[in-house]
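Colleague: Thanks for making time for this model. Could you take me through it, one question after another?

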Amino acid sequence: MSSDSPARGLDVRWVHGSASPRHKTDPAWQVHRYDADTVIMRQSKDANWEAPFTFLLFGAKRALLLDTGATNDYLLRRTVDGLIADRLVDHPVSDYELVVAHTHAHGDHIAGDASFAARTDTVVVGTSATEVQTFFGFSAWPQQVVDHDLGQRRLQLIGIPGHEVASIAVHDERTGLLFTGDSVYPGRIYVRDFPAYVDSMNRLVEFAEARTVTHVLGCHIEMTTTPGRDYHLGC
């Protein structure tokens with residue numbers, strides 16, 4: 001695990017993989033604290049070219065981990081355990097719960113689930129649309145907006161199927177961050193169900209307009225420094 005970035009907010013330069021596969025220099029997971037209770041992590045391209053982001057949000061009663069990356073190697077588990085242990089030093093809570101959920105169910109976002117399965121005080125949310133709806137309490141999917149309280153930190157979720165049937169967006173009331181998975185980010189968007197995706201994006205716009213949104217955070221970096229030009233697939 002890399003040391004936390006001294007800067008807060010989004011003032012961070014993300015790693016992009018080592019120059020030589022024989023001499024890997026990147027951390028397995030780059031850790032950046034957006035603020036004291038919000039952690040953004042990026043998996044190294046040395047581990048998987050997708051290099052997805054995951055997000056750890058701390059509340060007073062529980063934490064939420066959004067996505068578990070593209071490999072099942074226990075390195076994310078080790079990183080998350082360390083971050084939670086550090087937080088509990090300053091904010092001791094008995095039986096502090098971890099909820100492991102997903103922006104959507106594609107393999108590069110759920111591969112690390114198994115490493116959390118036997119963790120104490122942990123719930124790993126299933127990856128099917130039905131399991132997502134049941135856990136978070138959706139009764140009118142995907143239009144319904146549901147709350148998920150981490151303890152003095154309210155999140156609001158909405159279903160946004162189209163890229164994948166169980167896709168969700170998560171708005172964090174405290175920071176104004178809107179997590180959109182692979183449905184909205186600067187890169188190529190792959191759509192499984194185009195009518196559902198268009199409907200989801202229309203509803204997501206209405207959802208965002210009714211809330212304070214400081215940043216929209218997707219799960220990949222795909223655009224180069226040249227506007228409109230993305231990286232080659234697998235780069």
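Colleague: How many helices and strands does the protein chain have?

Modeller: Before counting, note that this is a predicted model, where local features need pLDDT of at least 70, side-chain atom pairs count only at pLDDT 80 or more, and totals for chains, interfaces and linings use all residues. Residues are numbered from 1 along each chain as its sequence is written, and side-chain values use heavy atoms, with hydrogens and water left out. Helices (H or I, at least four residues) and strands (E, at least two) are DSSP runs, numbered from the N terminus. Counted that way, the protein chain has 4 helices and 11 strands.

Colleague: What radius of gyration does the protein chain have?

Modeller: The radius is taken over C-alpha atoms, and the globule rule is 2.2 Å times the number of residues to the power 0.38. For 235 residues, that rule puts a compact globule near 18 Å, and the value for the protein chain agrees with it: 17 Å.

Colleague: And what percentage of the residues count as buried?

Modeller: Buried means under 20% relative accessible area, exposed means over 50%, and partly exposed is in between (1.4 Å probe, protein chains only). Of the 235 residues in the protein chain, the buried share is 49%.

Colleague: Let's turn to the sheet. What is the strand order in the open sheet of 5 strands?

Modeller: Two strands pair if DSSP finds at least two bridges between them. The pairing in this sheet is mixed. Its order is β7-β8-β9-β10-β11.

Colleague: Which are the edge strands?

Modeller: An edge strand here pairs on one side only. That holds for β7 (145–149) and β11 (215–218).

Colleague: Do β10 and β11 run parallel or antiparallel?

Modeller: Strand β10 (residues 177–181) is joined to β11 by 4 bridges. Along this pair, Leu 177 stands opposite His 215 and Leu 178 stands opposite Val 216. The two strands run parallel.

Colleague: On the β9 side, which residue in β10 is the bridge partner of Val 170?

Modeller: Here 2 bridges join β9 to β10, and the strands run antiparallel. They form a hairpin with 4 residues between them, and Gly 176 in the turn has a positive phi of about 80°. The partner of Val 170 is Phe 179.

Colleague: How many of the residues of β10 are buried?

Modeller: Both faces of this strand are covered, with Leu 177, Phe 179 and Gly 181 buried on one side. Leu 178 and Thr 180 are buried on the other. Strand β10 is therefore largely enclosed by the rest of the structure, the buried count being 5 of the 5.

Colleague: Which helix packs on the sheet?

Modeller: The helix touches β7, β8 (154–159), β9 (168–172) and β10, where contact means heavy atoms within 4.5 Å. Its direction makes about 155° with that of β8; axes are lines fitted to C-alpha atoms, for helices over the stretch in contact, and angles run from 0 to 180 degrees between N-to-C directions. The helix is α4 (residues 194–209).

Colleague: Ser 183 caught my eye. Is Ser 183 buried or exposed?

Modeller: Ser 183 lies in the loop between β10 and α4. Leaving out residues up to four places away in sequence, Ser 183 touches Ile 160, His 163, Ser 167, Ile 189, Tyr 197 and Met 201. At 1% relative accessibility, Ser 183 counts as buried.

Colleague: On to charges: how many salt bridges are there?

Modeller: Side chains of opposite charge can pair when their charged atoms come close. A salt bridge is a side-chain nitrogen of Lys or Arg within 4 Å of a carboxyl oxygen of Asp or Glu. Asp 37, Arg 87 and Arg 174 are linked in a network of such bridges. By this rule the count is 10.

Colleague: Which residue forms a salt bridge with Glu 97?

Modeller: The closest N and O atoms of the pair are 2.9 Å apart. Glu 97 sits in strand β5 (residues 97–101), and its partner, 35 residues apart, is in strand β4 (residues 62–66). That partner is Arg 62.

Colleague: Asp 81 meets Arg 77 in a salt bridge. Which loop residue does Asp 81 also meet?

Modeller: Arg 77 and Asp 81 (2.6 Å, N to O) are about one helical turn from each other, because they are 4 residues apart in helix α1 (residues 75–90). The other partner lies in the loop between α2 (107–110) and β6 (122–124), so this pair ties together parts that are 38 residues apart in sequence. With 2.8 Å from N to O, that partner is Arg 119.
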